[in-house]
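Here is the note you asked for on this chain, written for someone who has not looked at it before. Please keep the structure open while going through the numbered points.

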Amino acid sequence: MRTPPRARTARTALTALLAAAALAVTAAGCGSAAEEAGGGSPAGDGGGDGVTVTHLKGSTTLKAPAKKVVALEWTYAEDLLALGVSPAGVADVEGYGQWVTGGPRFGADVRDVGTRQAPSLETIKALKPDLIITSKVRSEANYAQLNKIAPTLMFDPYSTDSEYEEMRATLKTIGTAVGRPEAADTALKDLDAKIGAAKRKLDAARKGGTEVTVARGYTTDGAAVVEVLTGSTIPGALLPRLGLENAWQGQADAYGMSKVDIEGLKPVEKSSLVYVAARNDDVFAGSLPKNALWRNLDFARNGRVHALDPGTWFFGGPYSTARVADEIADALTS
């Protein structure tokens, strides 16, 4: 844990005591991962500018709210934009522009620091950040190296039963770390308002209670792959908030999805299917309709298969989540 210097021994002891208490709560597992991720408080270093936040690795204290931040996961880059902070560096800037189309774009001064799977430590170090934000799935192996460059916050968006609630809690944590807790609250209020507007649109079209299956698809080794999103995912959590029902009750993998074949979709064929696929690899419009089993599914036979915009990102922050809600409402009412 990085702590600022203290002028007095009493203040040092107090800060150590508070940090130890935060770590004890995390270690004990008293509360959900989302609640732990949402922690944050002033560090009390005399000037009142320091902050302490809890995350997957415990507790991190910053001497002052971070100003120069590197995000190694698209979700956290989006969170920064929602907080009004332009990141100094982002992993795979081009990929973000293609897949994450909700919210503002990066400025020309945002540095690409390599891929999300293997970011360049040299490039990150050269930026001299005062904070790095990453995810467990990408950076568990090199967390210590990152933490030597700058204080590093690590989160696991797939660690809880609700990726939606985890997303909200993480946004608040990052808001505390960059000194913008009010901006986090505003972003979440804006998200709630947009979800409410999408629900009213569906209600006006008398679509309340509609059973919906949310999926994504792509081609691997020449074969179509379909992944259906369970209730633990962001889209799965949005459906009841939109007055809809998630038709899919299958078992989730580590990321909240169920990989299925065409026959596996038979239990939800009476629902409406909404999906995301790349423009150049839309298996739902290309290879799947060539299969008789697919054509005989009720939603395919009766025109209830709806493509969402390819830039609808199911795993993002408040902008992406609002876009998912809008796209589902538009698809079911158009």
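**Notes on helix packing, salt bridges and backbone**

1. K266 is partly exposed, with a relative accessible area of 46%, and the side chain of K266 meets that of E269 in a salt bridge with 2.9 Å from N to O. E269, by contrast, counts as buried, because its relative accessibility is 10% and the cut-off for a buried residue is under 20%. Another group is joined by salt bridges that share partners, namely the network of K270, D298, R301 and R304.

2. It should be said early that this is a predicted model. The chain has 334 residues, of which 50% count as buried, and its secondary structure comes to 13 helices and 14 strands. If one takes the contacts between residues at least 6 apart in sequence, 63% of them join residues at least 24 apart.

3. A good place to begin with the packing is the pair α9 and α13, whose axes are 9 Å apart and which pack at an angle of about 5°. That angle makes α9 roughly parallel to α13, since angles under 35 degrees are counted in this way. On the side of α9 the residues in contact are A187, L191, K194, I195, A198, K201 and L202, and they meet P318, T321, A322, A325, D326, A329, D330, L332 and T333 of α13. Sorted by class, this contact has ten nonpolar, two polar and four charged residues.

4. Two of the residues in that contact, K201 of α9 and D330 of α13, also have side chains that meet in a salt bridge, with 2.3 Å from N to O. The pair links distant parts of the chain, as K201 in helix α9 (residues 181-204) and D330 in helix α13 are 129 residues apart. Both ends of this bridge can be placed by their accessibility: D330 is partly exposed at a relative accessible area of 32%, and K201 is partly exposed at 39%.

5. Helix α13 (residues 318-333) also meets helix α10 (residues 234-241), and here the axes come within 10 Å and cross at roughly 55°. That makes α10 oblique to α13, and the crossing of the two helices is right-handed. The residues that α10 brings to this contact are I234, P235, L238 and L239, while α13 brings T321, V324, A325 and I328. By class, the contact of α10 with α13 has seven nonpolar residues, one polar residue and no charged residues.

6. How far is α10 enclosed by the rest of the structure? Six of its eight residues are buried, so α10 is largely enclosed. The buried residues are I234, P235, G236, A237, L238 and L239, and what they pack against is a set of helices and strands made up of α8 (163-177), α9, β9, β10, β11 (245-246) and α13.

7. Strands β9 and β10, which appear among those neighbours of α10, are themselves tied to each other by a side-chain pair. R216 forms a salt bridge with E227, in which the closest N and O atoms are 2.7 Å apart. Since R216 lies in strand β9 (residues 211-220) and E227 in strand β10 (residues 223-229), the pair ties together parts that are eleven residues apart in sequence. R216 counts as partly exposed at 23% relative accessibility, whereas E227 is buried, with a relative accessible area of 5%. In total, the structure holds 15 salt bridges.

8. Finally, two backbone positions deserve a look, because most residues other than glycine have a negative phi. D92 has a positive phi, near 55°, although it is a residue other than glycine; D92 sits in the loop between β5 (89-90) and α4 (93-99) and counts as partly exposed at 26% relative accessibility. R206, which is not a glycine either, has a positive phi of about 60°. The place of R206 is the loop between α9 and β9, where R206 counts as exposed because its relative accessibility is 78%.

Methods. Residues numbered from 1 in each chain as written. Predicted model: local features only at pLDDT ≥ 70, side-chain atom pairs only at ≥ 80, totals over all residues. Heavy atoms only, no water. Axes fitted to C-alpha atoms, helices over the stretch in contact; angles between N-to-C directions. Helix = DSSP H or I, 4+ residues; strand = E, 2+ residues; numbered from the N terminus. Parallel < 35°, antiparallel > 145°, perpendicular 65-115°, else oblique. Left-handed = near helix turned anticlockwise from the far one by under 90°. Contact = heavy atoms within 4.5 Å. Nonpolar A, V, L, I, M, F, W, Y, C, P; charged D, E, K, R; others polar. Salt bridge = Lys/Arg side-chain N within 4 Å of Asp/Glu carboxyl O. Buried < 20%, exposed > 50% of the residue type's maximum accessible area, 1.4 Å probe, protein only.
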